[in-house]
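Notebook open, structure loaded. I want to look at how the chains meet and what sits around the ligands.

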Amino acid sequence: MKQLYYDIKKCLGCKSCEIACALAHSLTQSILTAIKEEKLSLPRKKILYSKGKNYPVSCRHCKDPKCVDACMAHALVYNKEKGIVEHDESRCVGCWMCVMVCPYGAIRPNIKTKIPLRCDKCKDKDEPACVRACPTGAIIWQEEVVVDNKK
Amino acid sequence: MKKFVIIGNSAAGISAAEEIRRRDKDAAITMISSEDYTAYCRCLISYYLAKDIKEEKIVLRPQSFYKDNNIELILDKEVTRVDPKKNRIICADKKQVEYDALLIASGASPKFPDIKGVKRKGVFGFRTIKDIREIESLLTVAKAACVLGGGLVGLKAAYALKKRGLEVKVIIKSQHVLSQVLDAAAAGLVEQQLTGNAIELIKGHDAIEIIGEGDVRAVKLDSGKALESGLIIVAKGVAANMNLVRESGIALNQGILVNDMLATNIPNIYAAGDVTESLDITLNKPNVNALWPVAVEQGRIAGANIAQAGLKYDGSLGMNSIEFFGLPVVSLGVYKTDANDPSYEVLQKSDPGQKVYKKFVIKDNVLIGAILAGKIHNSGIFLRLMREKINILSVKERFFADDFGYPEIRDIVREEEKIYL
Ligand SMILES: Cc1cc2nc3c(=O)[nH]c(=O)nc-3n(C[C@H](O)[C@H](O)[C@H](O)COP(=O)(O)OP(=O)(O)OC[C@H]3O[C@@H](n4cnc5c(N)ncnc54)[C@H](O)[C@@H]3O)c2cc1C
Ligand code: SF4
Ligand code: SF4
């Protein structure tokens, strides 16, 4: 299962990934027209800054997803086979329970659409749009690193 | 083969059943519910009444779920007694079911005030699909409705009834709505949304009688005033459904008492969800947090432990996400402080023009409460700081910043970082 990793030493905070993300989730997929869409497509990834470094923050598709526990509409579901948290927008009621509980702040409310913004790993595409958009190669799309939990 | 029985077919019961099945492929699992409807999203009944969503969207698990997971589902059957000595439960129709381990996930029911006329036709709790069906049948005749109680459930009911074209008044004993979870400033913002959408709020008053002949006609207030109303919703909190264990020897308080494994004082009987009183992380004492995410998490851990996993439960805390007419508000932990206790620190900022308000309650450098109105995008970060009881001295200056987020807490929270190289 592929995951997104970030080499933060390389991240310049240029937000190319944010733009690519918004564009990839727009209706028209072109920057000239996407900015005129009635429901403006917003990035699901955010660059945040801490102690001299930039961090791209987006959904990690947790194995024990708090957002899934909290979703009172059963719109968020963990798909074990695909290793992703899926969102059924037709069930979502915009209650923001998921936003309230995400321990990474990686799911944000979109007040206009009443549907939360969250990385979907660009669903069926081979790789997420942010990966190619990053000019420094700070975003890495690779098989999951298995960490042994010897807690 | 072990035999596990779960009383309740809602948030806690379902997540427990899933977890037991994930860990134990062979055990026999029986779920019993007093309702005659398949598992549904209880929190969505107001959206359903409002016609914001279709009936199919409130189904939490379809019938096929039970078949796929080899779970025996018994609907429309009330358990009246638990008999720990004989490891069996007894139903209203005398049916008995034996178990090796039992989960009580019987939830809660609305509390009805002891006032004259409360049993009249047209007075409803707001808890079940059945309530909604009955309310629905009155919508054509009732023109006005009164909601007793200004908590989250009452306000959701008010919203739904307004949306269906009724004149709606909410009668609130406190000085502001949502007084259990919001301070006056945040509640004021919510009230603006409600009154701006023609939901009338009557604050500082209580109902003392429900007037009618057979059907309800009006509500009489403690001020003497009578409000005409063909439909009354009682939303004055809930009480744990514990009647079935009253004489069982299971320890009770406001809910069924559990240890940090979610077991009751009887080792093979567990409890989870709204019926449970467990450690509250921010209050640091046992409390009932009757909330959906809490019920799901407790169900999962109790289910794991029924399957012998030996998982520990850290405890729950109050958390509410409130959304009316486009204004999001999140309330976490406690907001009331003891002004005489110098170990409390309160940080707050408001921008009423923008409908933004934030408040943080800190005790001994640990965040124990937060209210976020208008801007809620990083509320999960604050919840995490509370859950993990992190010393926030180094980051509290940044709490009000819009770009405050995970990177700034990653060094101080419990995390084996995997994704940032
Ligand atoms: C309108 C409304 C809105 C809500 N909104 C929110 C919200 O925004 N956020 C939030 O966190 N929570 C919300 N809640 C609360 C949330 O629904 C509950 O916390 C949650 O449903 C608790 O789940 P549970 O499994 O513990 O119990 P319940 O959902 O109460 O289910 C109890 C189950 O036990 C069964 N049962 C009970 N007694 C017996 C018996 N004697 N014999 C057999 N079966 C029995 C019932 O039939 C049912 O299947 C809301 C509730 C309502 C009513
Ligand atoms: S939204 Fe948050 S909690 Fe849910 S899977 Fe993504 S990172 Fe995990
Ligand atoms: S906003 Fe949508 S996805 Fe999030 S918890 Fe509510 S219903 Fe589920």
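How many salt bridges does the rule find across the interface of chain B and chain A? I got six. A note to myself before going on: this is a predicted model.

**Entry: the salt bridges**

I ran the search over the whole structure too, and it gave 39 salt bridges over all chains. Then I went back to the interface and picked out Arg60(A). Glu415(B) pairs with Arg60(A) in a salt bridge, at 3.5 Å from N to O. I checked where the two partners sit: Glu415(B) is in the segment after H8 of chain B, and Arg60(A) is in the loop between strand E3 (53–57) and helix H3 (66–70) of chain A, so this pair joins two chains. Arg60(A) also has a salt bridge with Glu417(B), and there the closest N and O atoms are 3.0 Å apart. My reminder on the chemistry is that side chains of opposite charge can pair when their charged atoms come close.

**Entry: the interface as a whole**

Next I looked up the contacts. I found 43 residues of chain A in contact with 47 residues of chain B. Between them the two chains bury about 3900 Å², and 59% of that is on carbon and sulfur atoms. On the chain B side, I noted that Ile419(B), Tyr420(B) and Leu421(B) lose the most area to chain A, together 16% of what that side buries.

For polar contacts across the interface of chain B and chain A, I got 18 residue pairs, both residues at pLDDT 80 or more. Which elements give two or more residues to the side of chain B that touches chain A? I listed helix H7 (292–306), strand E22 (319–324), strand E23 (327–333) and helix H8 (379–387), all of chain B. H8(B) gives the most, with six residues. Sorted by class, that side of chain B has 23 nonpolar, 17 charged and seven polar residues.

**Entry: ligand 1**

Where does ligand 1 lie? I found it between chains A and B. I counted 35 residues around ligand 1, and the nearest are Ser10(B), Arg42(B), Val79(B), Arg127(B) and Asp274(B). The shell divides into 19 nonpolar, nine polar and seven charged residues.

I then checked oxygen atoms of ligand 1 against polar backbone atoms. An oxygen of ligand 1 is 2.9 Å from such an atom of Ala12(B). For Trp292(B) I also read 2.9 Å to an oxygen of the ligand, and for Ala105(B) I read 3.4 Å. Is ligand 1 mostly buried or exposed? Taken alone, ligand 1 exposes 1000 Å², and the protein buries 95% of that. The elements that give two or more residues to the shell are helix H1 (11–23), helix H5 (152–163) and H7, all of chain B. I had already met H7 of chain B among the elements on the side that touches chain A.

**Entry: ligands 2 and 3**

I found 13 residues around ligand 2, with Cys59(A), Arg60(A), Cys62(A), Cys67(A) and Cys102(A) the closest. Arg60(A) turns up again here, after its salt bridge with Glu417(B). By class, the shell around ligand 2 has nine nonpolar, three charged and one polar residue.

How many charged residues are in the shell around ligand 3? I found no charged ones, with 10 nonpolar and two polar. The residues around ligand 3 include Cys71(A), His87(A), Cys92(A), Cys95(A) and Cys98(A). Trp96(A), Met97(A) and Pro116(A) are also among them.

How values were computed
Residues numbered from 1 in each chain as written. Chains lettered and ligands numbered in written order. Predicted model: local features only at pLDDT ≥ 70, side-chain atom pairs only at ≥ 80, totals over all residues. Heavy atoms only, no water. Near = heavy atom within 4 Å. Nonpolar A, V, L, I, M, F, W, Y, C, P; charged D, E, K, R; others polar. Contact = heavy atoms within 4.5 Å. Buried area = accessible area lost by both parts, 1.4 Å probe. Salt bridge = Lys/Arg side-chain N within 4 Å of Asp/Glu carboxyl O. Polar contact = N/O pair within 3.5 Å; in protein donor to acceptor, adjacent residues only side chain to side chain. Helix = DSSP H or I, 4+ residues; strand = E, 2+ residues; numbered from the N terminus. Areas by Shrake-Rupley, 256 points an atom, 1.4 Å probe, with all protein chains shown as cover.
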